[in-house]
Amino acid sequence: MARTLILIPTYNEVDNLEQALVAVHHHAADVHILVIDDQSPDGTGELADSIASQDERIHVLHRDQKEGLGKAYLSGFSWALEREYELIFEMDADLSHPAEAIPRMISAAENGADLVLGSRWVDG
């Protein structure tokens, strides 16, 4: 399997984070996850650190302030490319993106797709 990283930006996601991480690894046990936290006042960053300290597949990037989703993804892409990940996914921490789609998306990428997009609004 290609070295895969899933970017999960967070801001006040303490109630969802652990469930999102468990769901990802339930469906794709070998992928790594980068939680990108923007100093969540609810303790999301601290929870991410605690989980990451017990699981080498989970990493945390703390940003100094809330700068928006786009900049969080750019920070995550830079982090991933510096570490030579081959596949990079984006996923929301609010459980709105189904983790069960990850294996199909990885398979499509490994079978020649240059870009794989998931959508809740398109059948199949």
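This text walks through the strands, salt bridges and pockets of a predicted model.

Start with strand S2, residues 32-37. S2 is mostly covered, with five of its six residues buried. Strand S1, residues 4-10, runs parallel to S2, and six bridges join the two. To find the register, look at Ile8, which stands opposite Val35 in S2. S2 also pairs with S3, again in parallel, through five bridges. Here Asp37 stands opposite His62 in S3.

The helices connect these strands. S1, helix H1 (residues 17-27) and S2 form a right-handed β-α-β unit. S2, H2 and S3 form a right-handed β-α-β unit as well. Helix H2 spans 44-52, and strand S3 spans 58-62.

Now turn to the charged side chains. A search of the whole structure gives four salt bridges. One of them joins Arg63 to Asp38, with N and O 2.5 Å apart. This pair links distant parts of the chain, as the two residues lie 25 residues apart. Arg63 sits in the loop between S3 and helix H3 (69-82), while Asp38 sits in the loop between S2 and H2. Are these partners buried or exposed? Arg63 has a relative accessible area of 7%, so it counts as buried. Asp38 is also buried, because its relative accessible area is 6%. The cut-off for buried is under 20%. The pair does not stand alone: Asp38, Arg63 and Glu67 are linked in a network of salt bridges.

Asp55 and Arg57 make another salt bridge, at 2.8 Å from N to O. Its two ends fall in separate classes of exposure. Asp55 is buried, at 17% relative accessible area. Arg57 is partly exposed, at 24%. The 20% limit runs between these two values, so the labels part here.

Arg83 forms a salt bridge with Glu82, where the closest N and O atoms are 3.3 Å apart. How exposed is each partner? Arg83 counts as partly exposed, at 36% relative accessibility. Glu82 counts as exposed, because its relative accessibility is 61% and the threshold for that class is over 50%.

Next come the pockets. Rolling a probe the size of a water molecule over the atoms shows where empty space is left. The largest pocket has a volume of about 870 Å³. It is lined by 28 residues, and the closest to its centre are Phe89, Met105, Val116, Leu117 and Gly118. H3, strand S4 (87-90) and helix H4 (102-110) each give two or more residues to this lining. What is the make-up of the lining of the largest pocket? It divides into 18 nonpolar, four polar and six charged residues.

The second largest pocket has a volume of about 200 Å³. S1 and H3 each supply at least two residues of its lining. Among the lining residues are Pro9, Thr10 and Tyr11, along with Leu69 and Ala72. Asp92, Ala93 and Asp94 line this pocket too. By class, its lining has five nonpolar, two polar and five charged residues.

Asp38 ties the two topics together. It lines the second largest pocket, and it also meets Arg63 in the salt bridge described above.

How values were computed. Residues numbered from 1 in each chain as written. Predicted model: local features only at pLDDT ≥ 70, side-chain atom pairs only at ≥ 80, totals over all residues. Heavy atoms only, no water. Helix = DSSP H or I, 4+ residues; strand = E, 2+ residues; numbered from the N terminus. Buried < 20%, exposed > 50% of the residue type's maximum accessible area, 1.4 Å probe, protein only. Pairing = 2+ DSSP bridges. Right-handed = clockwise from strand over helix to strand, strands pointing away. 1 Å grid on protein atoms, 1.4 Å probe; cavity = no way out; pocket = protein on both sides within 12 Å on 5 of 7 lines; lining within 4 Å. Points joined across faces, edges and corners; volume = space filled by probe spheres on them. Nonpolar A, V, L, I, M, F, W, Y, C, P; charged D, E, K, R; others polar.
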